[in-house]
Amino acid sequence: MVKIGNIELNDFPLLLAPMEDVSDPPFRALCKEQGADVVYTEFISSEGLIRNASKSRKKLDIYEKERPVGIQIFGANLESMLRTVEIVEQSKPDIIDINFGCPVKKVVSKGAGAGILKDIDLMVSLTDAMVKHTNLPITVKTRLGWDTDSIKIVEVAERLQDVGCAAISIHGRTRAQMYKGEADWAPIAKVKNNSRMHIPVFGNGDVNTPERAVEMRDNYGLDGAMIGRASIGNPWFFKQVKHFIETGEHLPEITIADRVEMAKRHLQMEIDWKESEIVGVMETRRHYTNYFKGIPHFKEYRLKMVTSDSAQDVFDTFDEVLQKFA
């Protein structure tokens with residue numbers, strides 16, 4: 001059994017990674033249905049929450065069916081981060097996660113996200129202060145280091161644990177790599193194999209097949225897998241991984257009917273949550289390529305899905321796909 005604070009999880013849990021403009025309540029709910037053990041919100045700016053920015057506040061929406069759910073925040077200013085903890089607590093999440101890994105320039109340039117990997121002392125002191133400021137478990141998501149010359153993740157993880165971090169998720173790339181090249185899980189295994197470590201160590205990066213998840217567990221000894229891009233437009237991935245772990249066999253291919261039904265549900269849930277047809281349509285577009293991945297001669301239908309501003313037009317296109325390809 002794996003524990004984050006007092007939250008008990010199954011052996012080798014699967015976590016939905018926090019992804020900007022992806023990990024919103026509708027998508028998290030679908031992933032939860034398909035077997036995700038813990039889900040995280042999109043990352044939320046501490047400064048945005050303090051300024052009461054509507055977009056940042058909206059990201060605090062969580063629902064009972066998602067639990068356990070973590071709200072992820074990012075920032076580099078101690079006072080702002082502590083005030084953010086107080087705001088986040090009002091949404092009653094199960095976990096507060098700190099983003100020390102986002103490689104995007106606009107975040108890094110403010111010393112937040114992966115930018116803080118240049119100042120490990122600040123990284124540790126922020127975590128320490130936040131742990132002391134709440135009774136909720138504080139977890140951290142980070143990267144191996146700023147670049148290949150500054151990888152000190154074993155020391156960093158140990159120091160974060162020592163100040164009360166309840167779990168750590170590590171993406172197997174440096175900030176300099178962004179999302180290029182292959183994720184290197186060996187340094188993450190070194191963190192897990194450090195005899196002083198007792199908190200869960202989750203791996204992230206390139207868990208894109210059930211076999212890779214098993215490899216992360218069996219060859220690298222990690223406590224669980226945090227899954228990001230492989231789940232976009234494919235919430236079934238969690239069920240597929242769990243089935244493979246339990247049986248060593250792959251589930252049958254997702255049928256066209258099931259793909260259409262899931263895409264329809266996702267779009268309607270998005271519209272309902274956003275309380276706006278146009279925003280719901282726009283927010284769901286990024287998933288369509290993956291919902292219907294691998295279908296030959298699909299370009300015409302995909303183009304309709306990603307260019308229409310009308311929900312009814314998109315739903316009609318789904319029906320066309322069902323009639324033609326099922």
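Buried here means under 20% relative accessible area, exposed means over 50%, and partly exposed is whatever falls in between. By that cut-off, K59 counts as buried, because its relative accessibility is 10%. One thing to keep in mind while browsing the close-ups: this is a predicted model.

**View 1. E20 and K59 meet in a salt bridge.** The N to O distance for this pair of side chains is 3.0 Å. The two partners come from distant parts of the chain, 39 residues apart. E20 sits in the loop between β3 (14-16) and α1 (25-33), while K59 sits in the loop between α3 (54-58) and β6 (69-74). They don't share a burial class: E20 is partly exposed at a relative accessible area of 30%, whereas K59 is buried at 10%. If you're tallying charge pairs, a search of the whole structure turns up 20 salt bridges.

**View 2. E66 and R28 make a salt bridge with both partners buried.** The closest N and O atoms of E66 and R28 are 2.3 Å apart. E66 belongs to the loop between α3 and β6 and R28 to helix α1, so this pair ties together parts that are 38 residues apart in sequence. As for accessibility, E66 comes in at 0% and R28 at 1%. Elsewhere, E64, R67 and D94 are linked in a network of salt bridges.

**View 3. D128 and K132 form a salt bridge within one helix.** Both residues lie in helix α6 (residues 120-132), four residues apart, which is about one turn of the helix. Their closest N and O atoms are 3.3 Å apart. K132 is exposed, with 66% relative accessible area, and D128 is partly exposed at 22%. With the cut-off for buried at under 20%, D128 at 22% therefore doesn't qualify.

**View 4. R143 is a buried arginine with no salt bridge.** Look for R143 in strand β8 (residues 138-143). Which side chain of opposite charge is nearest to R143? That would be D206, and it is 9.4 Å away. A salt bridge needs the side-chain nitrogen within 4 Å of a carboxyl oxygen, so D206 at 9.4 Å doesn't make the cut. What the side chain of R143 does reach is backbone oxygen: that of T174 at 2.8 Å and that of G101 at 3.1 Å. Leaving aside neighbours within four places in sequence, the contacts of R143 include F100, P103, L117, I153 and I170. Also in contact with R143 are H171, R173, R175, M178 and Y179, along with G101 and T174 themselves.

**View 5. Y288 and F318 form an edge-to-face aromatic pair.** The rings are 5.5 Å apart centre to centre, with 75 degrees between the planes. Y288 lies in helix α12 (residues 277-291) and F318 in helix α14 (residues 311-325), so the pair ties together parts that are 30 residues apart in sequence. Y288 counts as buried at 0% relative accessibility, and F318 is buried too, with a relative accessible area of 0%. Zoom out and you'll find Y288 and F318 in a cluster linked by ring pairs, together with W236, Y291, F292, F298, Y301, F315 and F325. The structure holds 11 aromatic pairs.

**View 6. Helix α9 has buried residues along its length.** The helix runs over residues 210-218, and P210, A213, V214 and M216 are its buried ones. Down the axis of α9, these buried residues fall within an arc of 155 degrees, so they line one face of the helix. What covers the buried residues of α9? The covering elements include strands β10 (201-204) and β11 (224-227), plus helix α10 (237-247).

**View 7. S109 is an exposed loop serine.** S109 lies in the loop between α5 (105-108) and α6, and its relative accessibility is 57%. The cut-off for exposed is over 50%, so S109 at 57% is on the exposed side. The side chain of S109 reaches the backbone oxygen of K106 at 3.3 Å. For a sense of scale, S109 and V140 are 20 Å apart in space, C-alpha to C-alpha, and 31 residues apart in sequence.

How values were computed
Residues numbered from 1 in each chain as written. Predicted model: local features only at pLDDT ≥ 70, side-chain atom pairs only at ≥ 80, totals over all residues. Heavy atoms only, no water. Buried < 20%, exposed > 50% of the residue type's maximum accessible area, 1.4 Å probe, protein only. Helix = DSSP H or I, 4+ residues; strand = E, 2+ residues; numbered from the N terminus. Arc of directions from axis to C-beta. Contact = heavy atoms within 4.5 Å. Lys, Arg positive; Asp, Glu negative; His and termini not counted. Polar contact = N/O pair within 3.5 Å; in protein donor to acceptor, adjacent residues only side chain to side chain. Phe/Tyr/Trp six-rings, centres within 6.5 Å; stacked < 30°, edge-to-face > 60°.
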